[in-house]
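Reader: Could you take me on a close look at one part of this model, the paired strands, and then show me what lies around them? I would enjoy one connected walk through it.

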Amino acid sequence: MKRICSAVVLAAFALTVGAQSATDTNESYSGTNSPYSQFGLGELADQTSGFNRGMNGLGLAFREHNQVNQLNPASYSAIDSLSFIFDVGVSGQLTNFKEGSKKINARNADFDYIVAGFRAFRHVGVSIGLIPFSNVGYKYSSKGNANTDKSVTYTNTYRGSGGFHQVYLGVGWEILKNFSLGANVSYFWGNYERAITNEYNVSTVNTLHKYYTASVNNYKLDFGAQYTLPLSKKDRLTVGLTFSPGHKLNEDPECKVISVNSSTGVTDTTTFVADNALELPTMIGAGLQFNHNNQLKLGIDYQQQRWSKTGFPVYATKNDIGSYAVSDDYFKDRHKLTFGGEYCQNEYGRSFMSRLRYRFGASYTTPYLKINGQDGPKEISVSAGFGIPIINSINNRSFLNISAQWVNQKASNLIEANTFRINIGITFNERWFAKWKVE
């Protein structure tokens, strides 16, 4: 148990440090380099493990005996007895941003997650882990003319860093035959720092800086249920449901507006505070999985995040008077539909090829942001991957999960982003609790 706790602590440190990098064009940073991460709580992260990612995040109704499926905590009750599962994942991506005729590439690499699971009692499974919730990371600028004769120009610079994360402890219990309930209790923490600088090429106009900051230490709850209906000796159907209640995060984000006159050196600073202005949305999900003889698994998931019921602090000016207050028209409900599956000829087969797992998936996601009064980018993504068995004289129960994913984010009159991502996860499955007999 000491080794587990130490691993989680070290991973938490690595994830926190890695997510603090700002973004720049054609450079490699952790987290994200999306300009869309400058809004709300940032770009929402994929909270899945390696085997889910091969199916593009599918998993609400999946019950895996040799993988940790934190998408639905009820699934922990399916973990093998005598086993300890440890799963860690990383990813790398290349993103092409397009705005009109302009195209820019950017690269990222990130430590994604670390999770573990084991059977605690008969019909009771336990999981602990560290997963991201959102990422903030960007840096870009824009230039323009402030008057008709183009003698006065301005430069706006935007930059930001940060992110939010979860360390969770979860339990899944099969309380009746084929019916399981589960819950994750998470410590939810993180921060963001965002800055906007507006400067001119003449000293008669003040340079304006806006700094937005927030730091959160709170909790998050996730509940799940699964029911499996046997259809025949080889076929079964599983239904999965999830629910996460929304709540305030008890954080008072700040906005500092600093006006600097370069010719006189006079600086004027105004600080605004929005009381208890950040919150998590209520989230619900439903999934369906068809399982044929543990060879072919097909599923479909629907997830909804009710962001429209939450607000976010926005700085605005009226009659040259600034204010920083919660806007109820900043978010909209996010909907995600995912379809995918997995095929394995024989998970207990003697040959390597018979134990190889083939995965695929596709998703359609609506935005949770409103940008300048219009909907943010919709997202279409597809993925394919493999679960590669690790077979040697010491261990034949572990997996190397590799998948490739393509993501398109697009909206009218906004930046289009195309991302190609490689996900790599290693699942160590060890027999820790077996009692050996000497004859």
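Author: Happily! Start at cysteine 255, whose bridge partner in strand S12 is phenylalanine 272. This is a predicted model, so please read each contact below as part of a prediction. The pairing of S11 with S12 (residues 267-273) is antiparallel and counts 7 bridges. Between the two strands of this hairpin sit 6 residues. Look there for glycine 265, which adopts a positive phi near 75°.

S11, residues 254-260, also pairs with S8, and 7 bridges hold that antiparallel match. One pair to pick out by eye is tyrosine 211 with lysine 256, its bridge partner in S11.

From S8 we can step to a pocket. Strand S8 (207-230) supplies at least two residues of the lining of the second largest pocket, and strands S9 (235-244) and S14 (283-292) each do so as well. That pocket has a volume of about 420 Å³. Its lining comes to 22 residues, with Arg63, His65, Ala78, Thr228 and Arg236 lying nearest the centre. By class, the lining holds 10 polar, 8 charged and 4 nonpolar residues.

Now turn to the largest pocket, with about 1,400 Å³ of space. Here 47 residues form the lining, and those nearest the centre are Pro35, Gln38, Phe39, Tyr140 and Tyr158. Strand S16 (residues 312-318) gives the most to this lining, namely 6 residues. The class count for the largest pocket reads 23 nonpolar, 13 polar and 11 charged.

One last stop, if you have a moment, is a single loop residue. Threonine 366 lies in the loop between strand S19 (357-365) and strand S20 (370-371). Threonine 366 counts as buried because its relative accessibility is 16%, while the cut-off for buried is under 20%. What does its side chain reach? The side chain of threonine 366 comes to 2.8 Å from the backbone nitrogen of histidine 335. Leaving aside residues up to four places away in sequence, threonine 366 touches Asp333, Arg334 and His335.

Conventions: Residues are numbered from 1 along each chain as its sequence is written. This is a predicted model: local features need pLDDT of at least 70, side-chain atom pairs count only at pLDDT 80 or more; totals for chains, interfaces and linings use all residues. Side-chain values use heavy atoms; hydrogens and water are left out. On a 1 Å grid over the protein atoms alone, a cavity is a set of points where a 1.4 Å probe fits but cannot get out, and a pocket is an open set with protein on both sides within 12 Å along at least five of seven lines; lining residues have an atom within 4 Å of a point. Grid points are joined across faces, edges and corners, and a volume is the space filled by probe spheres set on the points. Helices (H or I, at least four residues) and strands (E, at least two) are DSSP runs, numbered from the N terminus. Ala, Val, Leu, Ile, Met, Phe, Trp, Tyr, Cys and Pro count as nonpolar, Asp, Glu, Lys and Arg as charged, and the others, Gly among them, as polar. Two strands pair if DSSP finds at least two bridges between them. Buried means under 20% relative accessible area, exposed over 50%, partly exposed in between (1.4 Å probe, protein chains only). A polar contact is a pair of N or O atoms within 3.5 Å; within protein, one must be able to donate a hydrogen and the other to accept it, and residues adjacent in sequence count only if both atoms are side-chain atoms. Contact means heavy atoms within 4.5 Å.
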